[in-house]
Every structure is written in structure tokens, then in C-alpha cells.
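This note sets out, point by point, what a new reader may look for in the structure. Please keep the sequence and the model in view while reading.

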Amino acid sequence: MSGFRLNNGGHIDRERKLRFTFDGQPMTGYEGDSLASALLANGQETVARSFKYHRRRGIYAAGADEPNALVGLRHGARHEPNCRATGVELYDGLMAESQNRWPSLDFDIGAMNGLFSPFFVAGFYYKTFMGPTRHAWMFYEKFIRKAAGMGKASMEPDPDHYDARHAWCDVLVVGAGPAGLAAARSAADAGADVLLADELPVPGGSLLSETTKLDGKTSLEWTRREIATLTKTGRVHYLPRTTVYGYYDDNILGAVERVSDHHPLPQAGQPRHRHWTIKARRVVLATGALERPLVFANNDLPGVMLSGAVRSYANRYAVAAGRRVVIATTNDSGYRTAIDLAHAGVEVACLADARHEPPADLAAEAEGLAIPVRTGSTILAAEGRKAVTGAILTELDAEGRPHGKQESIRTDCLAVSGGWSPVIHLTAQAGGKPQYDAERGQFMPGEVLQDWQPAGAIGGADSLSEAWQQGLQAGSAAARDCGLTPSSETSAPEGLDSRKPGSTRLLFQVQGGKGKAFVDLQHDVTARDVRLAHQEGFVSVEHLKRYTTLGMAADQGKTSNINGLAMMASLLDVPLDVAGTTRFRPPYTPVSLGALAGRSTGTHFRPLRRTPLHDWHVEKGAVMVEVGLWQRPRAYPGEGESLIDAIRREARTVRERVGLTDVSTLGKIEIKGPDAPEFLDRVYSNRMGNLKVGRARYGLMLRTDGMVFDDGTLWRLEENRYLMTTTTGNAGGVMKHLEFLLAAVWPELKVHLVSVSDLWSGCAIAGPNSRAVLQTCVSGTELDNDSFRPMDVKAAEIDGAPVWIARLSYSGELAYEVYTPAPHGEAVWKNLLQSGKPQGIVPYGLEALGSLRIEKGHVAGPELDGRTTADDLGLGGLMSKKKHFLGEALARREAMLEADRPQLVGLVSGNGQPIPPGAQLLDSKTVREKEPPLDAQGHVSSPTYGAAIGKYIALALLHDGRARHGESLTASSPLTGEEVPVVVVSPHFYDPEGARMNA
Amino acid sequence: MPEAARTILKRFPTDTAEAAGLQLRLERPHNLLQCMAWPGQKDALAKAMEQVLPSLAWPEPGQLFPLEEGGSFFSTAPGSAMLLDVDAERAARLVADIPMETGSVFDQSDSRLLLDLQGSGVQEVLASGLIVNFAAWPDRCVAATMIEHIDVTVVRWHAEHFSLLVTRSYAQSLWDWAYETSANFLARQAG
């Protein structure tokens, strides 16, 4: 094939020359070119190697149906494989490369696969790689996977970002061809809000492949003017480069807008793709039709193309696909191609029409242009090695079988047309099963199960004029369905082709030629594969698809499905409608994963929560850690200090002097209402209803099954105002739980709840010097031990900022929690640090906080794991016997009280090594035998280095643990294999009498 | 805006996203009160509140009611409504004086921030994250929904002015989203 640029015509800007490379070879094209048209214009015959046999492949189509010309674009992190050259807009500097070849496109070692092609038939893998042993597939799999696939994705992170939009409209028009433009116009004229989406960069669809003038303008000039008029109304939003890929329930459609693929790089702030979720009241589907090829010997040689594509390249891009073209057609399409090529000065060597009686006007026009026409003939085989060099034509009998005379004609471009298939993918996705129209020889949209209507080719329009009229009607009907009144003033542009086409002779395959006849070019599925599937009993079209992979490639069988199904129908000797079609599923064309992910990547993968003190932590060099969605300071290492050293220093300072930590992340719920005491008594296992104003109490909540749900403190701030704190991780869960109880279980209780987790900034000041620090900066309350007792809650001020102070200790030291409204948080924090300087105050992070609570034996998330009871945790005393509470009944089940239940214990490392987190606790016999399943006695829940004790310690849950203090066990990590001897002790490692916190 | 709130907002420059057709601002509301009636007591609570705000009428869920005394009253759920930006003295009276037998008033002024978006591009920016049909959503309407997994209360003042109420801890994440989406919009405007 020797494609070349025509001197005239086309919708390209010859003033704007663009440079690009293909496999490193510099080439040029023009603004308005696709990569495919530019490659053709540069005479590039082979553009790819086929999937299985590595056969040479050339450009075959001109749109989304292209099965062959898959290329890799760009380099590095932006490299994208498997891009259809027909859908790639040319830009200056574009770098494209062929794929599935080594070492080069012209000389590909993989082509040796062709020698073994007799073995590589359908089901080859299933039959060949199953033995000799049961696990043989595991061995073969890695080699097969290495050999399979098309192109290679970049392993680098995608540097681009993607966007998402939600859109509502009265009418969504899919396709901006003649029918779509007319539908948009009539719907907008009626006052509808219209979204007009089209996959091409410019409006016009099939009009772009026409040479006729509309209202005296070229089709592109006319459609651009039309779009400008429509968008000026403010009622039409036009989305070019946007493929509506899926039709879902409730008239919701998915679309992808390729925002910046036509630039070398996205411009600043510009996403690469934008995903649209569109909720349309009505949809007009004006998706057009795709041309069906013919299946014949060597039909995959570069130079074999769809007839309509050859016409498109000539008329839209001013590119002749060859210098001497042979056309084989079953319908009028071939004539239109031949006539336009002849007008463009391209030699048409022969037009073989499978019909015996072509339309008289077309036949006369062809004759007038000296185009040799053979009626009742078609293509038997293509000839050539690297590209098509000849076409063997044959006459056909009445059954469509070759007979009689055969003729070989020299050619470098063989254009074929087997008819047209309406693009009914979206209609089928909307629920309607495609219906076969035997008269037209086409699958048409089935039952309309959602709010859409067809216009144009999928509505059965046979001419551009009829498509326009259908579009007008569909747009008006859609507007009417939206409660609007259509106007009737719109007229068709002058010059729109109104010729009715002649009939199509149904012909799918021409048998008898020598060479492989491909049905699915992208997946290398041949006519022989279809026959084999039939012989082996895979006769359902769905089975045929899966056994042969017909239609399973990236093009989803746009050029192959109907032919493959027709061949199976023929083998089964049933009509095509009985064979049916496979199910059409989204997406219509491939959708980038980036577009589906949208902004939910990187820091947007999930939102982060920041405390009011966040900036301060970061500014002071805190090592931050994500805890759930929260950002929390792990520790504050000094210059040259390791994280471990910082954690130990912070913990030691709290024990010896004083420390300050951010506890803003704790869940906080404000509770009001006359029934609040009753409600609190029901949800906590211990008494809360009698809590006095100005006091706080530690409380435990159970689930209805009796397991511990959450713990925290309850503060009674005022007579009718409580503040409940929850664990950080369970804040949302507790709120939901309480709201459910009030709404569904106890609606008679007058209690209101509001989450105030974000309202309060909280910090805990802990250590023997904490009172002294507060005494220097707090006003409005006395702080001595008699005036401010443990569990007291007082309102006060710190430098004018209102605060609530509660004397609570998580660390086991004398400690207070200080809450202030979030806007004052940072000021109060800084004030406390400043005031504490003489006392040696330091900020401490989450790690030190955890270490201190483990030393003290306080439980937290790892112990409240949903499998423990209050008694397991040594909190059985909080199960009130004087009132009823949620979870009480099931918490008192026999099994919940068994002595052998896991109970909270302390562990001390026996060899001075850290105790592995999550380690199983094994006795010496189990360690010795190590025969799975291991008989674990319990597990390590919270390990740490106890700075006050000077040893590695842990909290653990051990069967019958309280009776096993002093026992030696092994903490064995199933993840790391570490084994550390441990001694079981009380979980209260530090100040078990509580003397320090009550000091 | 109170001084303390401004300190918290220092990371949110008020003019960085300002450009033709779009302006973003993140600020603390002057005040925000959550008013909750006991079941069947909505009218009683409204009547009690009228002592402080005579022009008050309890809005239906989804509606926003502008108050003659200044500020707005809107509802996102049956029996529950929020007062936004009433004057400080009235707000304090409401919190203190509403009788417990009619319902509860919670001061939420410090728990949320207000992301204000104005300009002709607002709907396009919001459509990146909000699943709302703006055309079917009249002015002075409110909805409790989510943007990028963040709970927000959206107030539509008019077609080119929206506010998003967001809890403080999520405010920067929401700001980041709004800022980047706005940059996107501006790039699109620039062609």
C-alpha cells in the first residue's frame, strides 16, 4: 500500500504542519489529522503486529472500530499502550511506537508463531497446558503471561490528574452527526437543557466524510457554525472528545471526556480525562453505524481496509489509502467510495459488487467515471506478503458461494464493505435485547426499557436527510416528554443527501480462498476457529465468544462480532436472529483507570482530618502518622534524635516532670434532655444517672451481644448538659449507635445528641508537675488537691480563653484534660507549653501516650477488639447490678463467664528483646513440637518499652490469664518468626495503687 | 470574624483562588446554632424561638429561611434546623433561654467552617464533587450531602453563590479539593 496526501480537499489545515515520530522515524502531518491518517499519508503500511501470530497489520478503519492500529504513545510515566491510531489527534511532537514486536516492526521474531499456527487454534491453551501433572499450569502460566498481552503499561506513577463531573440535563444527545445535531437543535428550540456528546474532536460525524456542501459550506464549516449557534442559546452544552461509554439504570450514563490527550502535556490545572456521570431525563441516541467487513483469505494484510474508511480518509483527511484501489462491496457504500476516489484522482482498478443489480444511478455514475464494475462478484482472497499487492475476485452463485471465473487484479489497497451495523451498544446496555431485522440484515435496537429514543442509522434512517428528520423528531419528542412544547421552525440544511440506498446482499464470509481468513483481527480469531468451536460443541454465541475469544479484545468485536455470529448461525443452520448476539456491556470503548478513579488518588484517596493543633505539630517537626483519617503526632524527635529515643524521652519526662499531648481526636458527643440520666444509665454498663454536675466518670458500653463496645468518660457540665468522650477510632460508631437507640429502640426518651468532636480542641497535661503548670496559667478555679479532686470537672480560663478542665489520667500520673473551643486551641496549647517551661514540660506524641497507658494497664483499641467482655479486661466491676443496661443479658451468659476465657494480663520480656506485636502466646510444649495448628494460649495486644520500668513489656489476652501470673510462655510472631520468652504478670505495671494520679 | 478563628484560618488565603468568575473563601461562621425539637414539639420550639427572633418561621427540610433580624434558618432533617449568623446577643439568648420541654439548642459555631464559593463558575466547580441537579434546585435551598467522602451541608444562596458547611477537621481536605477543582475550571476557561 502506498498511501499519499491528496492535493486538495479534507478538513485539515495545510498551513499548520505538525511533526511526529513513529518508531523513531520522523514524519509530518497537518492540524486536523488523526495519527492514522498521518501514517497513511506518510505511506506507512504496517503499523502493528497481531496479537497471537504477530502478522503484519495495517490501518483498517477510521474510527472506534479500528482493530489493528494499536500503538503506544508518549514515554516514561505518561506512556500509554494500545491507543487506537484512528482516535489519536495528531499534535506537534507526538511520539508513537508500534507494539507487540521484537526487535522491530519490520523484523519481528514473534512472527515465528505463524509457523505453529496450525496448533494455535481455539482452545489451544486449555488443551495443551493442562498436563502432565495437576499443577503443570502453574509452571506454564508465567511463560504464557509473558508472551501474551498487547503493549506494556508504564510502571511509574501517573503524573496527570483526572477529574469527575456530575451532570443533569433534560436531553442527552449521544452523537453529533446529522441526527444528533438535529435532535439537539429541536430539543433546545423547545427550551430543553441539552448535553450533546460526541467522541470526535469536531462535530459532524458521518457528515465529515461527505464532500457535498451544506448551505454552501463544507460539512465541517457548516457543523461548526451549527454548534456555535446551538451553544449560543445557552441551552446546549457541547462535549467534544467525549465518549458515552455506558448506559445504566435510571437513565444514568457514563462518559469520558479526553480533555488534554490532544496536547503533548496537560496544560496547568487541566486534567487528562474527565469522567461524566450524566442523569438525563431523556436520551437521544444518534450513534450511527459501523461498517461490516467481509471474511476472506488473507483479509488481514496491510492494505485491506473498510470501504467507508477509505472514503473517510480521502474526504475528511485528504489522504488516499492507495494508488490503485480495488473495492469489494455488498451495498452502495463501495460505489460512494469508488466515486469519491475517482473524483479525487485515485485510480479505482475494479469495483466488485456482490449484487447482480446495483442501483442504476450509482452504476451510471461509476460508468461515467470509467470505474470497472463487476456485478455478482466479490473478493476471494488478498495477495501479497508484506502488504496487499493483488486481489483475486470471484463470481458468486445464488447462495453466495464462489463459482465460475476468478480474476487476479493488481492493487495496493483493497476496500471491502459487507454492509453496515447500527451502533446499538448503548440501547442494549439500557436493557433492550437487540432485534434482528432480516429485511435490512441488521441487528436493530430492541425493546425500549429506559427513556431513550433512536435517531439516524440506529433508528433505521437510510439517508442523511432522513437521519436529520429523525433527529428533529427525536429531539422534539424528548423535549415534549420533558413537558416542553417543541417548535416546528427548523429546516434541513440545503444539500443534505437524500438518496435512498439500494439493498445489501447479505454476505459475511467468502470461502475457498487460500490463506487464513480472519474474523476477529484484534484477537487473531479465524474462520477455522469458529468452525472448530462449532465442532467441539461451543455453539452458543456466548460460549463461542469465550472459547475463541471472539470479540473479547479492546475493540469488543466491533468489526468481528456480527460476522462471527453469522458464521456460527450458518454452521448451525439457523437464522441469525436465532443465534442472537452476545451481551453488550459497558464500556463501549476502553476507559482509563485514571478517569474512573477521578480525584480519588494520592492525598485525595481519602480525606484527612487535622486537629486544631496540626500546624503547630508539623512546624515543630513532629513525625506524623495517620490514625484512621486523623493526622496525629507520633513523636517530636529533637535534632539528631532517633524516633525511638524521642518516644522514650517523652515518656520519661511525663513520669518525672510533665508532658503535654494533643487529645483533640477523641470522639466528643454533647448530650441534652430531661431523660439524659436514664438514657446514659441504659447505654453504659456502670451507673451514670447519678453523676453529679462538675464530675466525670469512666464508663463502659457493651454491644447487645454483651461484648465491650467502647469506653470513655462522661462529664456532667451542667444540670442538663453532658459531654461524652469516646475512643478516637470508634467516635462515629458510638454516635451512630446512640442515635439508633434513640430513634428506634427508645423513641420515648427525650434526649438530644450532637457530635462536638470538631468543636473542642483537647490536650492532656500529665506528670507530677502538671498541677504546678496549670496553677501558673489557669484562672477561675482552684487547683489544689482538695479543691480539684480526681474526676472533677471545672470551667475556667487560660489567658481569656474559656476552658473545661477535667482531672483525668490515662498515663497513671497526676493529669488533667483541658478542652477549649477549637479556635482557641493553638493559643491554649502554646500557653501551657510556655507556662510549663520552668517545670520542664515537653510535648509528647501518640507513641509515648500509648507506652504510658500500657505501663498503667489501661485498655485501648487493641484490647477492645469486639471479642472481649468487661470481665476479660478486668473491668467486671463496671457491670452494675443495681440497674439494667444494654448488653447486660447476653453479657451474663455462661460462656461469657467461663474461667478459660482470654483475660487481660501483663507480659515482661524474658530476654530483654521487644515483644512482637500480635504474637501468639505458646507454652513450651507447643514451641517444641511446632506442629500446626499451634495451640495458642492467647495473643499480645499492646507491646511497648516501659520507660518507667526499664523493660520491654506488653498487654496481652491470655486464657485464664489472671490465674497464670508468674508463668513463662513464648511470644511467637507468625509474621516475622520472632520468638521471645515472656513472663506473665499483672497488667498494672506502674503504680497499681494509683497513688501518683491521686496525689 | 473573631481573632481566634482568623488564626486557625491562616493557612486558607482568602484571595488565592480569586479570579474572573470564581472566588473561594473559608471562614468561621459568626455563629451556628443547631435547634432540635422533641418529636411533635417543632411548633412549640419555633414559638419559643420567636421570643428571640420574631420573624422566624420553621423551614421545611431542604429550605432556607432568611430572617429579618439577620441571619438564616434552614433545615436538613425533620425537627432539626440550624441558625446561621444571627447576631451574637440573640444567639446567646437562644442557647440559654429555650425551655427544655420544647427542645434543645446546641452552639456549633466552633465546630464547622464555611467554605464560600461565588462566581459564574461555581456550579461547574461544585459539579465535580456534588451529586446535585443545580437546575432543579431553587435559590435558598439546603442539602446535607457529601463531597469526596466529606460530610457537607450545602447552602445555595443563588445560582452563583453557594456555601459549604464542613466540620473543622475536614476543612483543609475540602479546601484542597475546592482549590484544585477551581484551578481546573480556570484552566478550562483559559482554553
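1. Which residues of the largest nonpolar core touch the most other members? The model is a predicted one, and its largest nonpolar core has 218 residues. Those that touch the most other members are A:Val171, A:Leu172, A:Val194, A:Ile379, A:Leu414, B:Leu115 and B:Leu174. The list thus names residues of chain A and of chain B. Among the elements, helix H10 of chain A, residues 464-481, gives the most to this core, with 8 residues. A second core, separate from this one, holds 106 residues, including A:Val708, A:Ala815, A:Leu878 and A:Ala919.

2. One member of the largest core, A:Val194, may be examined in detail. Its immediate sequence neighbours, those within four places, are left aside here. A:Val194 is then in contact with A:Cys169, A:Asp170, A:Val171 and A:Val173. Its other partners are A:Ala184, A:Ala187, A:Ala188, A:Arg235 and A:Val236.

3. Helix H10 of chain A also takes part in a helix pair. The axes of helix H4 of chain A (residues 178-189) and H10(A) come within 7 Å and cross at roughly 35°. This crossing is right-handed. On the side of H4(A), the residues that meet H10(A) include A:Pro178, A:Gly180, A:Leu181 and A:Arg185. On the side of H10(A), they include A:Leu464, A:Trp468, A:Gln470 and A:Leu472. By class, the contact of the two helices has 14 nonpolar, 6 polar and 1 charged residues.

4. A:Glu489 lies in the loop between H10 and strand E29 (518-520) of chain A. Is this residue buried or exposed? A:Glu489 counts as exposed, because only 12 or fewer C-beta neighbours are allowed for that class and A:Glu489 has 7 inside 10 Å. In sequence, A:Glu489 and A:Asp189 are 300 residues apart, yet their C-alpha atoms are 8.8 Å apart in space.

5. The domain assignment of chain A gives four entries. Domain 1 covers 163-289 + 422-481, and domain 2 covers 643-665 + 759-852. Domain 3 is 667-755, and domain 4 is 898-999. The centres of domain 1 and domain 2 of chain A, taken over C-alpha atoms, are separated by 64 Å.

6. The contact between the two chains deserves its own point. Chain A contributes 42 residues and chain B contributes 39 residues. On the side of chain A, the elements that give two or more residues are strand E9 (163-174), strand E34 (667-672), strand E38 (752-755) and helix H21 (825-836). E9(A) gives the most, with 6 residues. This side of chain A divides into 17 nonpolar, 11 polar and 14 charged residues.

7. Chain B has 191 residues, of which 47% count as buried. Its secondary structure comes to 5 helices and 10 strands. Among contacts in chain B between residues at least 6 apart in sequence, 59% join residues at least 24 apart.

8. Chain B is assigned domain 1 (3-28 + 111-190) and domain 2 (32-107). Their contact takes 8 residues from domain 1 of chain B and 7 residues from domain 2 of chain B. On the side of domain 1, strand E8 (141-147) and strand E9 (150-158) of chain B each supply at least two residues. The largest share, 4 residues, comes from E8(B). That side of domain 1 has 5 nonpolar, 1 polar and 2 charged residues.

9. Some backbone details should be checked by the reader. Most peptide bonds are trans, and most residues other than glycine have a negative phi. The peptide bond from A:Trp102 to A:Pro103 is cis, with omega near 5°, and A:Pro103 is in the loop between strand E8 (94-97) and helix H2 (124-128) of chain A. A:Gly131 and A:Pro132 are likewise joined by a cis peptide bond, with omega about 5°.

10. Two residues that are not glycine have a positive phi. For A:Met791 phi is about 75°, and this residue lies in the loop between strand E40 (778-779) and strand E41 (793-798) of chain A. For A:Asp991 phi is about 45°. A:Met791 counts as partly exposed, with 16 C-beta neighbours inside 10 Å, and A:Asp991 is also partly exposed, with 19 other C-beta atoms within 10 Å.

Methods. Residues are numbered from 1 along each chain as its sequence is written. Chains are lettered from A and ligands numbered from 1 in the order in which they are written. This is a predicted model: local features need pLDDT of at least 70, side-chain atom pairs count only at pLDDT 80 or more; totals for chains, interfaces and linings use all residues. Domain bounds come from an automatic or database domain assignment. Two residues are in contact if their C-beta atoms, placed from the backbone, lie within 7 Å. Ala, Val, Leu, Ile, Met, Phe, Trp, Tyr, Cys and Pro count as nonpolar, Asp, Glu, Lys and Arg as charged, and the others, Gly among them, as polar. A nonpolar core is a set of buried Ala, Val, Leu, Ile, Met, Phe, Trp, Tyr and Cys residues joined through C-beta atoms within 7 Å. A residue is buried if 20 or more other C-beta atoms lie within 10 Å of its own, exposed if 12 or fewer, and partly exposed in between; C-beta atoms are placed from the backbone. Axes are lines fitted to C-alpha atoms, for helices over the stretch in contact, and angles run from 0 to 180 degrees between N-to-C directions. A crossing is left-handed if the near helix is turned anticlockwise from the far one by less than a right angle, and right-handed if clockwise.
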